[in-house]
Amino acid sequence: MQAAAMAPDGDAVEAAATASSLIFLGTGCSGALPDVRCLIQPSTPPCATCSQALTLPPEKNPNYRCNTSLLIDYCDNDGTHKYILIDLGKTFREQVLRWFVHHKVPSVDSIILTHEHADAVLGLDDVWLVHPSNHKNEIDHLPVFLTQFTMDSNFQGHARGCHLTLTESLDAIKTICPKKALLIGMNHEFEHQRENNILAERSGREGIPVQLAHDGLRIFIDL
Ligand SMILES: [Zn+2]
Ligand SMILES: [Zn+2]
């Protein structure tokens, strides 16, 4: 799964041209990973999740996580693509540089904001980068969908309240009962490989495959 997402083969390139997909632009927490404190004030032993950050390039490092964000690549019957962006946080510019280029996404057609935190909205200042016209003074034609509550909150920066713990997430998954679940929004307490091994064992018992997603992951789906 990871290898396919990191280095698309011929089939993946062909599928990207003719199929709809979801691209995980970011799977991290509000502060993003690596947590800088783990690098400038390292603990003993060093943090397993953040300590690889400077030794592995981000595209080969599932523990390098930008703010949570998803891109829906909707492919119409006639082969035209529409790109719907869900959330653009503090690390948006880096995500565009990394994953829009890698997955050959040229622009964004509309935006959905899930909530008012900095980790979901602060990238709005850079949204003109992905507007089809690419001119800063023409962004007024890009539709943005959000709740009235989010609109009224004046995009406050603090992050609390609407983020779930792992147990809360797994409870929600049991209620929704999907065929498969991919978790996002992880801080450095979740080392990718270790956590996925634990989740594989646990979700095998409960019947719903649950894994951590990682930045850059692309999943092809029917929409
Ligand atoms: Zn850390
Ligand atoms: Zn948030």
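Six strands (DSSP runs of E, at least two residues, numbered from the N terminus) make up an open sheet with mixed pairing, in the order β5-β4-β3-β2-β1-β8. Two strands count as paired if DSSP finds at least two bridges between them. The edges are β5 (144-145) and β8 (218-220), each with a single partner strand, so one side of each has no neighbour in the sheet.

This is a predicted model, in which local features need pLDDT of at least 70 and side-chain atom pairs pLDDT 80 or more, while totals for chains, interfaces and linings use all residues. Residues are numbered from 1 along each chain as its sequence is written, chains are lettered from A and ligands numbered from 1 in the order written, and side-chain values use heavy atoms, without hydrogens and water.

Let us turn to one pair of strands. Strand β2 (residues 69-75) runs antiparallel to strand β3 (residues 81-86), with six bridges. Ile-72 has Ile-84 in β3 as its bridge partner.

Next comes the core. A nonpolar core is a set of buried Ala, Val, Leu, Ile, Met, Phe, Trp, Tyr and Cys residues joined through side-chain atoms within 4.5 Å; buried means under 20% relative accessible area (1.4 Å probe, protein chains only). Which residues of the largest nonpolar core touch the most other members? Among its 19 residues, they are Leu-71, Leu-85, Phe-100 and Ile-111. At least two residues each come from β1, β3, α4 and α5 (118-121), helices being DSSP runs of H or I with at least four residues. Helix α4 gives the largest share, four residues. Apart from this core lies another, of ten residues, including Phe-190 and Leu-212.

Definitions and conventions:
Buried means under 20% relative accessible area, exposed over 50%, partly exposed in between (1.4 Å probe, protein chains only).
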